[in-house]
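Student: I have a model open and would like to understand the words used to describe it. Could we go through them together?

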Amino acid sequence: MRSRHRLPDPCILSFSLIGGLIVGLTVLALLNMAVKEISDIPFLIATASDSGVINAIAVTMGAGLNAVIILLIIGTPLAYVLARTDFRWKGVVEGLVDIPIMLPHTVAGILVYLLFMRRGLLGAPLYEMGFSFEDAYPGIVIAMLFVSAPYFVNSVREGFEKVPVHLENVARTLGATRFQTFMRVVLPLSVRHIFNGSILAWGRAIGEFAAIIMIAYYPFVISTLIYYTFTTRGIKTSSTVAFVMILACFAAFIILRLLTRYTGRYDDRV
Amino acid sequence: MIEFERVSLRLGTFALREVSFTIRQGDFYFIIGPSGAGKTVLLEAIAGLHAPQSGHVLLRGEDVAGIPPERRRIALVYQDYSLFPHMNVAKNIAFGLKMQKADRRTVEKRVEELLQAFDIEGLRDRSPLTLSGGEQQRVAIARALAVSPDILLLDEPFSALDPLTKDKFIEDLREVHRTHDLTIVQVTHARDEAKRLASRVAVIIEGVLAAEGGVEQIFNAPDTCEVARFVGIENILPGTIISGSDHVVKVDTGAATITAVSDLHTGEGVAVCFRAEDVTLSPPGSPRSSARNTFEGTITGFTPMGPLVRVSIDCGFPLVATVLRDTVNEMGLAPGSLVSASVKASIIHLTSRSPVHRDMYTKFS
């Protein structure tokens with residue numbers, strides 16, 4: 001029987017108080033902003049319905065989604081190889097995958113720019129074929145792809161590693177090729193990790209600023225718009241735009257989490 | 001059916017070294033050995049999940065190097081059963097058939113047959129995560145047999161089952177082996193399973209094939225001390241043959257002279273092996289017979305084993321006997337009491353001594 005006056009474990013209690021500082025800081029920052037913004041509802045509505053703001057949010061989320069879709073196609077195979085094989089230079093490959101996490105964003109931006117600018121190694125031939133990255137939507141996607149790839153690959157790889165090798169072995173002996181095994185056993189059992197990796201990567205992509213403006217100042221992503229508004233029209237307008245973005249992101253993530261609450265629960269238990 | 005020719009395989013810290021054996025069609029073949037001896041890897045090598053670094057694996061008379069597992073027609077059942085957690089029982093069983101691109105009606109019919117044959121119709125729509133060990137076991141075997149393989153590999157299939165389920169399953173497996181005309185290869189560290197089911201046995205110790213042969217030979221007349229030790233022969237005494245005539249030899253073990261029936265020659269280093277259950281205890285000073293070896297000793301301890309008791313006796317060398325619990329009471333045996341232990345000369349088995357013999361002796365006795 002549970003005691004009604006049970007004291008919480010002192011360790012957990014003190015950890016919660018200390019850890020609460022992080023949550024508290026975020027809540028405080030959000031409340032601080034929200035109180036100011038909500039005090040001027042008409043201006044908030046006007047800003048939220050401004051076509052420039054809506055466009056910037058759409059471009060940001062759309063380009064992020066685009067980057068995630070590309071990652072699903074090219075990042076998933078990489079994650080599987082890293083999860084299931086051991087080769088001589090694996091450490092080096094892992095390091096290369098992780099580099100964008102450690103690089104300052106401006107450095108990532110320069111790397112992407114040098115490669116994809118009109119005279120760049122890849123940019124030049126692609127420009128010949130009619131693809132332009134400078135100040136264009138594909139430039140945003142490429143920058144986002146570069147900075148968010150490690151988050152996706154590492155998360156999906158972890159999911160693949162959690163699928164017992166025995167399950168794959170059994171599938172093989174039952175007549176499935178390695179690819180069939182991957183599609184029918186490994187992928188379904190990693191759905192949650194793939195989804196989490198996608199959300200992480202999407203979030204990282206949406207938050208990118210420095211790497212994007214290096215190659216594509218236009219069209220405005222939300223960060224560029226906020227910075228632009230801040231430098232031209234001051235803190236009041238830019239903070240309202242920021243607040244609109246916060247609301248949009250919050251809504252998007254809550255919807256995603258709710259939609260996928262029951263996705264792939266079994267992979268917790270394999 | 002399955003042949004290993006000097007197969008060597010290194011996998012992490014573990015290695016199989018020059019393993020050769022032949023498994024014939026219809027064998028119920030057991031590979032036994034201590035935990036971590038590489039038995040599972042050996043099974044996976046048969047299935048094609050690991051490629052040997054050297055040597056050849058032959059299946060049905062053909063070298064199968066380069067043939068991937070999905071084309072070897074060998075079913076594998078792991079110790080943990082490895083059911084697909086994202087599929088229900090029926091879909092698990094149907095998996096192999098779907099991979100063979102069988103049409104839907106065939107798949108349904110076959111799944112139905114197997115559900116019936118294994119008496120698991122009630123589990124059809126259940127998730128594997130909700131099944132007991134015994135149920136999972138049945139589903140795993142049904143799934144393996146769905147594709148009608150002629151070779152079935154079993155990795156410690158009984159280790160997660162309670163004794164009752166296990167007994168039932170051993171009977172089922174005998175039936176499966178008979179009715180499906182299967183060649184079964186089972187690895188285990190449990191010797192009793194091998195004794196009950198095996199037609200032939202291989203003993204793998206530290207990646208090396210230590211012995212191979214019929215059940216009778218491996219369990220009662222092993223070739224080396226290591227194997228004798230592993231198959232559970234409790235009394236192993238090193239010695240040298242000092243005289244012999246007419247297949248009867250005398251072995252000097254230092255502490256005693258033991259009579260045995262053997263064709264080995266005078267001067268050979270041997271190990272005297274006999275099982276604890278073959279030792280008879282009687283009150284001290286009982287009449288001796290030349291067909292028996294009799295040792296006087298002091299009881300040092302008892303280990304209860306169900307209806308039996310294992311008695312440790314110091315006869316100048318350590319000796320172990322198993323007797324009925326009633327016998328202990330009737331004879332009034334207790335630690336410290338003197339007793340006469342005897343064992344028939346004809347039941348003693350002599351093995352040639354391997355070089356590591358002295359160590360083995362001191363390590364295990």
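Student: Why is A:Trp89 called exposed?

Tutor: Happy to start there, keeping in mind that this is a predicted model. A:Trp89 has 57% relative accessibility, and exposed means over 50%, so the residue earns the word. You will find A:Trp89 in the loop between α3 (51-84) and α4 of chain A.

Student: What makes A:Trp89 part of a nonpolar patch, and which residues join it?

Tutor: Patch members need over 30% relative accessible area and no salt bridge, and nonpolar side chains are joined within 5 Å. The patch consists of A:Val81, A:Phe87, A:Trp89, A:Val92, A:Leu96 and A:Ile99, with about 560 Å² of accessible area together. Helix α4 (residues 90-102) of chain A gives the most, with three residues.

Student: How do you know that A:Arg157 and A:Glu161 form a salt bridge?

Tutor: The closest N and O atoms of A:Arg157 and A:Glu161 are 3.0 Å apart, and the cut-off is within 4 Å. By this rule the count comes to 24 salt bridges over all chains. A network of them links A:Arg84, A:Glu168 and A:Arg178.

Student: Why are A:Arg157 and A:Glu161 said to be about one helical turn apart?

Tutor: They are four residues apart in helix α7 (residues 137-162) of chain A. An α-helix has 3.6 residues a turn, so residues three or four places apart point the same way.

Student: Which of the two partners is buried, and which is partly exposed?

Tutor: A:Arg157, at 15% relative accessibility, counts as buried, because buried means under 20%. A:Glu161 is at 40%, so it counts as partly exposed.

Student: What about B:Arg60 and B:Asp150: what makes that pair a salt bridge?

Tutor: Their closest N and O atoms are 2.7 Å apart, and that is within 4 Å. The pair links distant parts of the chain, 90 residues apart: B:Arg60 is in the loop between β4 (54-59) and β5 (62-63) of chain B, and B:Asp150 in the loop between α4 and β7 (151-155) of chain B. With a relative accessible area of 28%, B:Arg60 is partly exposed.

Student: How do you know that B:Arg310 and B:Glu234 tie together separate parts of the sequence?

Tutor: First, B:Arg310 forms a salt bridge with B:Glu234, with the closest N and O atoms 3.5 Å apart. B:Arg310 lies in strand β17 (residues 308-314) of chain B, while B:Glu234 is in the loop between α8 (225-230) and β11 (235-245) of chain B, so the bridge joins parts that are 76 residues apart in sequence. B:Glu234 is at 17% relative accessibility and therefore counts as buried.

Student: Why is α2(B) called largely enclosed?

Tutor: Nine of its 11 residues are buried, so the rest of the structure largely encloses α2(B). Among those buried residues are B:Ile93, B:Phe95 and B:Leu97. Their cover includes α8 (165-173) and α9 (178-189) of chain A, together with α3 (104-117) and α4 (133-145) of chain B.

Student: And B:Lys98 in that helix: is it buried or partly exposed?

Tutor: B:Lys98 belongs to α2 (residues 89-99) of chain B, and at 40% relative accessibility it counts as partly exposed. B:Lys98 also gathers with A:Arg184, B:Lys91 and B:Lys101 in a patch of positive charge on the surface.

How values were computed:
Residues numbered from 1 in each chain as written. Chains lettered and ligands numbered in written order. Predicted model: local features only at pLDDT ≥ 70, side-chain atom pairs only at ≥ 80, totals over all residues. Heavy atoms only, no water. Patch = residues over 30% accessible without salt bridge, like charges linked within 9 Å, V, L, I, M, F, W, Y side chains within 5 Å. Areas by Shrake-Rupley, 256 points an atom, 1.4 Å probe, with all protein chains shown as cover. Salt bridge = Lys/Arg side-chain N within 4 Å of Asp/Glu carboxyl O. Helix = DSSP H or I, 4+ residues; strand = E, 2+ residues; numbered from the N terminus. Buried < 20%, exposed > 50% of the residue type's maximum accessible area, 1.4 Å probe, protein only. Lys, Arg positive; Asp, Glu negative; His and termini not counted. Charge placed at Lys NZ, Arg CZ, Asp CG, Glu CD. Contact = heavy atoms within 4.5 Å.
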